[in-house]
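Subject: Handing over the structure, with notes on what was found

Dear colleague,

I am passing on to you the structure we spoke of, and I would be grateful if you could look through it before reading my notes underneath.

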Amino acid sequence: MYATPSPLPPPPLPALEMPAAPGARPLRTRGAIWTLAFLSPVTAEVLTGSTPILLFLIPFAIGYQVLFYGSGALLIREVARRRGLGWGNIVMLGAAYSILEEGLVNTTWFNPYWPDVLTYHRYGMALGLNWVWALGLIAFHAIISITIPIFLAEQLFPQRAARPWLGRGGIIGFGAALTLTSLLGFWLFGFVLDRGPGYSAPPLIPYLGTLALAVLLVAVGVRRWPTSTRVVAPRQPPRLWWLRVIGFLAMAFEIVNVGIFQTLVPAWAAFVVNVLVYGGLLLLVTRWGRNPRWGARHALALSYGALGLFIFLTAPILEVVGSVNGKPTHGTAAIALGYAIMLTVLSRRAKRGAHWSHPTQIC
């Protein structure tokens with residue numbers, strides 16, 4: 001049954017936490033800024049084993065990845081907080097960032113000789129683009145590289161969570177950093193590295209289509225989405241252990257589904273299944289997030305489950321084997337332990353509050 005059709009107003013913010021005026025320099029946010037700038041690449045690259053810590057600490061690698069990933073996450077968060085957008089918008093903008101990174105800069109969508117795509121054996125390639133690989137990376141980066149790092153950074157700095165963190169100079173600086181690293185990456189990955197027979201550069205028409213898709217996602221992501229004025233009688237959100245299981249299984253599906261599908265179904269069927277799974281998960285989490293009883297503990301449980309695959313499974317394996325494809329993987333377990341401690345501490349601290357540390361809705 002629906003209650004009286006009057007929307008619930010968001011909880012008021014203390015005066016200290018009101019967003020700064022446009023162009024004003026936020027106070028005491030430097031720690032939060034650089035925390036997010038490092039959390040994004042460390043979560044996406046180091047914790048997952050894509051760039052082990054010993055390689056990440058090489059000066060060029062750490063500089064490039066912090067500026068590229070960190071600038072993207074900071075600018076997306078800044079847009080969302082200044083415009084009063086929700087987490088659904090952040091996921092959408094994170095998807096646009098994924099297209100920028102993997103499609104437009106690294107060009108892995110088009111290059112069948114990219115090291116991580118070689119195991120696909122052109123599975124999913126059509127019209128010059130690997131559709132299955134592209135869809136998986138959109139989901140991965142939108143959640144692991146952007147949404148979860150932003151959420152964790154705001155939980156680490158809850159008193160600053162509702163306000164912008166960048167002044168005008170910061171926006172210009174990180175915008176320039178993202179532009180320069182994107183151009184450098186496009187030159188290296190698009191035209192220099194990982195060449196093969198019949199491939200020398202990304203095909204023009206698919207590349208322009210990818211650019212158009214990124215622009216479309218940004219245009220949709222920066223808009224405030226309409227919400228229903230009908231208020232559903234609130235139910236209890238799923239139990240925390242169940243959210244952890246869902247997060248873990250969702251990330252496990254993300255990692256292993258292509259390897260399974262390659263031997264069972266054609267690529268178009270795998271693409272359809274991935275669309276249904278990712279779309280269903282997004283709708284499910286969006287529905288949960290609209291529940292007024294949904295709080296930081298629930299989002300932390302979901303995040304803990306998603307990252308738990310890397311913390312409790314991937315990292316120990318990488319630590320034991322010591323090397324994968326010539327990459328030294330020692331030290332990954334230490335990073336995983338740090339994430340486990342951080343998520344545990346944040347989860348315990350969240351018990352003292354029932355809801356989000358700021359009033360931004362999930363969509």
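The notes below go from the whole chain to its salt bridges, its surface and a few single residues.

**The chain as a whole**

Please keep in mind from the start that this is a predicted model. The protein chain holds 11 helices and 4 strands, and of its 363 residues 50% are buried. When contacts between residues at least 6 apart in sequence are considered, 82% of them join residues that are at least 24 apart. The accessible surface of the chain amounts to about 17900 Å², and carbon and sulfur atoms account for 70% of that surface.

**Salt bridges**

Side chains of opposite charge can pair when their charged atoms come close. A search of the whole structure for such pairs gives 3 salt bridges.

One of them joins Glu 154 to Arg 77, with 2.8 Å between the closest N and O atoms. This pair links distant parts of the chain, since Glu 154 belongs to helix H5 (residues 131-156) and Arg 77 to helix H3 (residues 59-83), with their positions 77 residues apart in the sequence. Both Glu 154 and Arg 77 are buried.

Glu 154 also meets the side chain of Arg 81 in a salt bridge, again described by an N to O distance, which is 2.8 Å. Arg 81 lies in helix H3 and Glu 154 in helix H5, so this pair ties together parts of the chain that are 73 residues apart in sequence. Arg 81 has a relative accessibility of 4% and therefore counts as buried, while Glu 154 counts as buried because its relative accessibility is 0%. Through the partners that these salt bridges share, Arg 77, Arg 81 and Glu 154 are joined into one network.

A further salt bridge is made by the side chains of Glu 78 and Arg 82, at 2.7 Å from N to O. Here the two residues sit 4 residues apart in helix H3, so that about one helical turn separates them. Glu 78 is buried, with a relative accessible area of 3%, whereas Arg 82 is partly exposed, with a relative accessible area of 29%.

**Patches on the surface**

Which residues form the nonpolar patch on the surface? The patch is made of Trp 241, Trp 242, Val 245, Phe 248, Leu 249, Leu 313, Ile 317, Val 320, Val 321 and Val 324, which together have about 940 Å² of accessible area. Two elements give two or more residues to this patch, namely helix H8 (240-261) and helix H10 (296-321), and the most comes from H8, with 5 residues. Val 324, another member of the patch, is found in strand S3 (residues 323-324) and is partly exposed, its relative accessible area being 34%.

There is also a positive patch on the surface, formed by Arg 244, Arg 297, Arg 348 and Lys 351. Of these residues, Arg 348 has its place in helix H11 (residues 332-350), and with a relative accessible area of 60% Arg 348 is exposed.

**Residues in loops**

Is Thr 108, in the loop between helix H4 (87-105) and strand S1 (125-126), buried or exposed? Thr 108 counts as buried, because its relative accessibility is 0%, and the cut-off for that word is a relative accessible area under 20%. Leaving aside residues up to four places away in sequence, Thr 108 touches Glu 102, Trp 114, Val 117, Trp 133 and Leu 137.

The loop between H4 and S1 also contains Arg 122, whose phi is near 65°, a positive value in a residue other than glycine. Arg 122 is partly exposed, with a relative accessible area of 47%.

A positive phi in a residue other than glycine is likewise found at Asn 325, where the value is near 55°. Asn 325 has its place in the loop between S3 and strand S4 (327-328), and this residue is exposed, with a relative accessible area of 76%.

With kind regards

Conventions. Residues are numbered from 1 along each chain as its sequence is written. This is a predicted model: local features need pLDDT of at least 70, side-chain atom pairs count only at pLDDT 80 or more; totals for chains, interfaces and linings use all residues. Side-chain values use heavy atoms; hydrogens and water are left out. Buried means under 20% relative accessible area, exposed over 50%, partly exposed in between (1.4 Å probe, protein chains only). Contact means heavy atoms within 4.5 Å. Patches are made of residues with over 30% relative accessible area and no salt bridge: like charges are joined within 9 Å, nonpolar side chains (Val, Leu, Ile, Met, Phe, Trp, Tyr) within 5 Å. Accessible areas come from the Shrake-Rupley method with a 1.4 Å probe; for residues, only the protein chains shown count as cover. A salt bridge is a side-chain nitrogen of Lys or Arg within 4 Å of a carboxyl oxygen of Asp or Glu. Lys and Arg count as positive and Asp and Glu as negative; His and the chain ends are not counted. The place of a charge is taken as NZ of Lys, CZ of Arg, CG of Asp or CD of Glu.
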